[in-house]
Amino acid sequence: MPSCSPDCCLYQAVEIIKVFSEDGVGKVVEVPAHVTARDVCQLLVYKSHCLDDNCWTLVEHHPLLGLERCLEDHEMVVQVQACMSPESKFLFRKNYAKYEFFRNPLNFFPEQMVAWCQESNGTIPPSQLLQNFLNSSRCPEIQGFLYMKETGRKSWKKLYMFLRRSGLYYSTKGISKEPRHLQLLSDLEENSVFTMTTGKKVHNAPTDYQFCIKPTKGTTELKDLKMLCAEDEQSRTCWMTGFRVFKYGILLYQNYKIPHQRQSSVSNFTTPVRSVSENSLVAMDFSGRTGRVIDNPVEAMSAAMEEGHTWRKRSQRMNVSGHPSSPHPSSLNSVIHRTQLWFHGRIMREESHRMMMQQGQVDGLFLLRDSQSNPKAFVLTLCHHQKVRHFQILPYEEDGQIFFSLDDGSTKFTDLIHLVEFYQLNRGVLPCKLKHPCTMVAL
């Protein structure tokens, strides 16, 4: 038998994967067997000219089962694809919550669901909470009620469950933790946790907060899935995040730190991208020769209102002195927002909810869309405390010019771009500042 040439071996080591964007367009990528999900995301970010903010993910999507999950950055894409059915596919999508639990752990692990927190009377600092989750010798457990779909039946049973590093257990006797009352539902090593994309009516689920545990290898049918349902979004997020942390441990922390280490190593040679962060932006007063931080919240709100009026006056001056060959200012202001990644046109309210859920439901995640009830108005969809809220942006006419406002005309803007920029810097009447644009990318 003739020996295999190096070129032949190299060719055989390369696999073909296809990744789809949200609009259904796919891109074929050739990848070696050792390439990770992070590597593929960085390649797609480069080719699609996206901002590399370390929030892009590959999503393993199973349309027939109604399941999807974000691949961890260290997972080998070729290995994952080998265990997927022919109709399954990879999606390229943002997920702002991928590592958010490292920054705000108490939002993901509420005290009442963490056994270790209860024993310590809720006095654990956030850093120590995560340190104990990642410590294999001293690891707390997640506990609480979950609904479980009974095998071969449409009914769901409410059980008290415990998530430990060794697996997910349920109690056969109330909330008893005695070993003789605990039944192993699933180990973590050979399974992955998925979000269920099908509505609760499909499986007769008691709530909208479904997730399931699916075997990692081999063909999977509905009967092989462990379907579960939480009472609310926060508890579902806690269970699913706990599953990831217990399964991968310190690997997740290393994934989280790699981009920061890479950025610090090149910071001396490149200009860092400015990111709008709620923690780094503060109200400032520049009325004097030097700026000062405004600590008084009433004064900060007054400064925010004044800034809005200043932008309005500045825009009016620009309109007066506009170049005669340029488009009419009012017509340009009415359509310029359609060039922005955060604007999604005539999508339905349900679609905006779905996008928010897919991209992580972190504080400050937002998008703008056309209003369904008022053809001249728009809607700001904003996520805060894992809840999606909607704020109507109404047009106001003054001196023959159209302005936009979401606070009944108190603060007006000549276009939606000015409005978004203002609320990225100032909370105003919103529950939080606009931080993360909910975007879709075309591959």
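In the predicted model, an open sheet of five strands (E runs in DSSP of at least two residues, numbered, like helices, from the N terminus) follows the order β18-β17-β16-β15-β19 with mixed pairing, a pair of strands requiring at least two DSSP bridges. β18 (401-405) and β19 (436-437) form the edges and have a single partner strand each, so one side of each lacks a neighbour in the sheet. β15 (residues 365-370) and β19 run parallel and are joined by two bridges, with F366 opposite P437 of β19.

Helices are DSSP runs of H or I with at least four residues. Helix α14 (residues 416-425) lies across β15, β16, β17 and β18 and runs at about 160° to β15. α13 lies across β15, β16 (378-384) and β17 (387-398), also at about 160° to β15. Angles, from 0 to 180 degrees, are taken between N-to-C directions of axes fitted to C-alpha atoms, for helices over the stretch in contact, that is, with heavy atoms within 4.5 Å.

α13 (349-358) also supplies at least two residues to the lining of the largest cavity, as do β4 (67-70), β10 (191-196) and α9 (233-248). The largest share of this lining, nine residues, comes from α9. Cavities are sets of points on a 1 Å grid over the protein atoms alone where a 1.4 Å probe fits but cannot get out, and lining residues have an atom within 4 Å of a point. The largest cavity holds about 610 Å³, the volume being the space filled by probe spheres set on the points. Its lining comprises 28 residues, with C70, N95, T195, M240 and R244 nearest the centre.

Residues are numbered from 1 along each chain as its sequence is written. Local features need pLDDT of at least 70 and side-chain atom pairs count only at pLDDT 80 or more, while totals for chains, interfaces and linings use all residues, and side-chain values use heavy atoms, without hydrogens and water.

Note on methods. On a 1 Å grid over the protein atoms alone, a cavity is a set of points where a 1.4 Å probe fits but cannot get out, and a pocket is an open set with protein on both sides within 12 Å along at least five of seven lines; lining residues have an atom within 4 Å of a point.
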